Every structure is written in C-alpha cells, then in structure tokens.
Amino acid sequence: MQTALRAEIRSHRHRLRLFDEATRFDEVEHGPDNRRAEFTPFVPREVNSFVFEAIVKDIPILPTEVIDPVIVYYRQVQALAQFAEDLRGDRFATLEWSRKAAMHADYIAMGKYAGALADAAMDAIDATLARGVFSSSAEGRSVPKSGSAAAPGSGGDLKP
C-alpha cells in the first residue's frame with residue numbers, strides 16, 4: 001500500500017511543480033494594459049486519486065508516522081481541486097480584477113504548499129519502507145482495536 005501511495009503522490013508531485021512556474025495575475029497587472037485585458041488563467045482539473053480512494057478504508061493499517069502526512073497531503077489536494085472549481089465558475093468571471101488576482105495568487109500558493117506536503121508524505125513513506133515498517137504496531141496504532149481505550153495521544157483518558 002505504501003509503495004502504491006508513494007507512486008500516486010509522486011505522480012501528483014510532477015504536476016504540482018507547474019505551480020512554481022505559474023504566471024500570477026499580479027505579474028500581469030503590472031505589465032502592459034493589453035496583456036492584462038487578455039489574460040485568463042488556465043486552471044486544469046485535478047486528476048482523481050484512485051489509489052488513495054481505493055485504500056482509504058485501510059489507512060489505519062499504515063505505519064502511524066505515515067498516516068498524518070499522507071492524510072494532510074490528500075486533504076490539501078482536495079481543497080486545491082475545490083478551489084480550482086471555484087476559479088472556473090461564472091462567479092469568478094464576474095469579479096473585479098483585484099479580487100481575481102488575490103484568488104489566483106491563493107490558488108498558486110495552495111499548489112506550492114501541496115507540493116511541500118507531497119514531499120513530506122513521500123519522505124515519511126520512504127523512511128518507513130527503509131526501516132521495513134509496513135503496518136501500525138499494536139501500541140502505536142492510530143485507531144484502538146478496542147472501544148474501551150482512547151487512542152494514544154488523542155487527549156482522551158485511558159480506561160483501566
């Protein structure tokens with residue numbers, strides 16, 4: 001599972017590198033007036049995360065130190081996809097230039113952050129694979145096996 005997740009995240013990471021080269025609205029705004037009037041950002045649709053979607057129910061069996069960075073990464077990708085839909089919407093088209101520029105800058109920043117999160121998720125997976133850790137240990141499990149005890153570090157009291 002970790003290898004498949006890493007491959008999917010790595011694939012996404014290649015696409016996220018495009019955010020580092022993206023033309024921002026505010027860069028266009030300070031250029032010639034005709035360039036500003038002609039500029040419409042292209043916001044591609046995000047691809048589905050078919051590996052993550054196929055294994056999401058089994059996430060608790062991943063090594064504990066992999067779960068958090070993987071979930072945080074995929075949540076950011078989902079937020080990025082939702083924001084991209086907003087940028088494609090009719091409401092965005094009717095906004096004034098400064099608001100469009102601010103939203104587009106936020107979109108680029110979200111993409112760059114997703115790239116950093118992808119790197120962190122791959123690093124976590126690489127570290128556990130290098131150590132031969134393939135699943136959560138009983139003590140470090142993110143979800144308790146029994147409903148009688150709180151998960152370690154969850155802030156809940158353990159019941160005797």
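At what angle do α1 and α5 pack, and how far apart are their axes? In this predicted model, the angle between α1 and α5 is about 40°, and their axes lie 12 Å apart. That makes α1 oblique to α5, since an angle of this kind falls outside the ranges that count as roughly parallel, roughly antiparallel or roughly perpendicular. The crossing of the pair is left-handed. On the α1 side the residues that meet α5 are Gln2, Leu5, Glu8, Ile9, His12 and Leu16. On the α5 side they are Val66, Val70, Tyr73, Tyr74 and Leu80. Sorted by class, the residues of this contact are 8 nonpolar, 2 polar and 1 charged.

Before going on to the other helix pairs, it helps to see the chain as a whole. Its secondary structure consists of 7 helices and 0 strands, and read from the N terminus the order of elements is α-α-α-α-α-α-α. The chain has 160 residues, and buried residues make up 34% of them. Contacts between residues at least 6 apart in sequence can be sorted by how far along the chain they reach: 79% of them join residues at least 24 apart. The helix pairs described here give examples of contacts between separate parts of the sequence.

Helix α1 covers residues 2-16, and helix α7 covers residues 97-131. The axes of these two helices come within 9 Å and cross at roughly 150°. Because angles over 145 degrees count as roughly antiparallel, α1 is roughly antiparallel to α7. The crossing in which α1 passes α7 is left-handed. From α1, the contact is made by Gln2, Thr3, Leu5, Arg6, Ile9, Arg10, Arg13, Arg15 and Leu16. From α7, the participants include Tyr107, Gly111, Ala114, Ala118, Met122 and Ile125, and also Asp119 and Asp126. The residues of this contact divide into 10 nonpolar, 5 polar and 6 charged.

The third pair is α5 and α7. Their axes come within 8 Å and cross at roughly 155°. This angle is over 145 degrees, the limit for the term, and therefore α5 and α7 are roughly antiparallel to each other. Here too the crossing is left-handed, with α5 passing α7. By class, the contact of α5 with α7 has 21 nonpolar, 3 polar and 3 charged residues.

Which residues have the most contacts inside the largest nonpolar core? They are Leu5, Ile9, Val70, Tyr73 and Tyr107, in a core of 32 residues. Helices α1, α4 (50-55), α5 (64-88) and α7 each supply at least two residues of this core. The helix that gives the most is α7, with 11 residues. Val70 shows how these parts are connected. Leaving aside neighbours within four places in sequence, Val70 is in contact with Leu5, Ile9, Phe52, Ala121 and Ile125. Leu5 and Ile9 are also among the α1 residues that meet α5, and both take part in the contact of α1 with α7.

Another place to look is where Leu117 and Gln76 come together. Leu117 is found in helix α7, and Gln76 has its place in helix α5. Are these two residues buried or exposed? Leu117 counts as buried because its relative accessibility is 11%, and the limit for buried is under 20%. Gln76 is buried as well, with a relative accessible area of 14%. The two are 41 residues apart along the chain, while their C-alpha atoms are separated by 8.1 Å. Apart from neighbours within four places in sequence, Leu117 is in contact with Val72, Tyr73 and Gln76. Gln76 in turn touches Met110, Tyr113, Ala114 and Leu117, with residues up to four places away not counted. Tyr73, one of the contacts of Leu117, is also one of the residues with the most contacts inside the largest nonpolar core.

Ala105 is a further residue in helix α7. With a relative accessible area of 17%, Ala105 is buried. Ala105 and Ala22 lie 83 residues apart in sequence, and their C-alpha atoms are 9.6 Å apart in space.

Conventions: Residues are numbered from 1 along each chain as its sequence is written. This is a predicted model: local features need pLDDT of at least 70, side-chain atom pairs count only at pLDDT 80 or more; totals for chains, interfaces and linings use all residues. Side-chain values use heavy atoms; hydrogens and water are left out. Axes are lines fitted to C-alpha atoms, for helices over the stretch in contact, and angles run from 0 to 180 degrees between N-to-C directions. Helices (H or I, at least four residues) and strands (E, at least two) are DSSP runs, numbered from the N terminus. Angles under 35 degrees count as roughly parallel, over 145 as roughly antiparallel, 65 to 115 as roughly perpendicular and the rest as oblique. A crossing is left-handed if the near helix is turned anticlockwise from the far one by less than a right angle, and right-handed if clockwise. Contact means heavy atoms within 4.5 Å. Ala, Val, Leu, Ile, Met, Phe, Trp, Tyr, Cys and Pro count as nonpolar, Asp, Glu, Lys and Arg as charged, and the others, Gly among them, as polar. A nonpolar core is a set of buried Ala, Val, Leu, Ile, Met, Phe, Trp, Tyr and Cys residues joined through side-chain atoms within 4.5 Å. Buried means under 20% relative accessible area, exposed over 50%, partly exposed in between (1.4 Å probe, protein chains only).
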